[in-house]
Amino acid sequence: MIHRLAQDEPRIAGFVIPHGTATLEETAFFLNLTLATAQPVVLVGAQRPASALGTDAGMNLVNALRVAGSPDARGKGVLVVLNDEIHAARDVVKTSTYRLQTFRSSDFGALGHVDGDGVHFYRSPLGAHMPATAFAALDLTALPRVEIVYSYAGADGALVEAAVAAGARGIISAGFAPGSPTPEQRVALDRAAKSGIIVVQCSRASGRVAPRRRLSNSGIVAGEDFSPQKARILLMLMLAATSDIAEVQQAFRTY
């Protein structure tokens, strides 16, 4: 719909998409990789519903409209606006169930703020984003299955094996910081990688999982600083076009 409206109504300054906060960050990142429109696209939600005392719904929506209409928002990819803050879709994650300041870009911070006197940006995202990505031309009706396997003390390889049995073409390992599964999970992940399943090693915490010898020797992709849920989206999109590990690794550096 956004593509059609952008084409039919070129005078539209930008788009605002109201969204539930539970998966807002995932939708924002998916659109950040797949939209092919130059106009700003802003996702917005509320921690307190419109019927609640002290709701943030109205102000968040007003601020999202202000950002979407700002010329300064162009060229920054899909944006997320809540709590007077502007975040990049690539970086932002929901960090708290109830707090108004739940959306955070923990390593790099917000792109800017929306204050009474206007919209103020202080930095721009450097990773590739809409409309200049390779994914806008893909058929996105049936993306490959990618599962996330979480690491915890004492975890064995059962969930990795279950993902393989379910037909997953990719597995995201949400390992301990700085990006390591349990020994039993490692054995299962290495076996999955050798069978042709693309495995991406991420961290269940924030921060980078850098490329290193153990990962490359096992044919496992380093997930950089992507959260497991966003790594899953990127891997699904990549697997729709290629299963080449080198190309997948490059995508995690590029986006």
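In the predicted model, Val80 stands opposite His87 in strand 4. Local features were taken at pLDDT of at least 70 and side-chain atom pairs at pLDDT 80 or more, while totals for chains, interfaces and linings use all residues. Residues are numbered from 1 along each chain as its sequence is written, and side-chain values use heavy atoms, with hydrogens and water left out.

Strand 3 (residues 79–82) pairs with strand 4 (residues 85–88) in the antiparallel sense over 4 bridges; pairing requires at least two bridges found by DSSP between the strands. Strands (E, at least two residues) and helices (H or I, at least four) are DSSP runs, numbered from the N terminus. Strands 3 and 4 form a hairpin with 2 residues between them, and Asn83 in the turn has a positive phi of about 55°.

Strand 3 is also joined to strand 2 (residues 41–44), which runs parallel to strand 3, by 2 bridges. Here Leu43 is placed opposite Val80. Helix 3 (residues 57–68) completes a left-handed β-α-β unit with strands 2 and 3; a crossover is right-handed if, with the strands pointing away from the viewer, the path from the first strand over the helix to the second runs clockwise.

In a regular strand, side chains alternate between the two faces of the sheet. In strand 3 both faces are covered: Leu79 and Val81 on one side, and Val80 and Leu82 on the other, are all buried (under 20% relative accessible area; exposed, over 50%; partly exposed, in between; 1.4 Å probe, protein chains only).

Tyr150, in strand 9 (residues 146–150), is partly exposed, with a relative accessible area of 45%.
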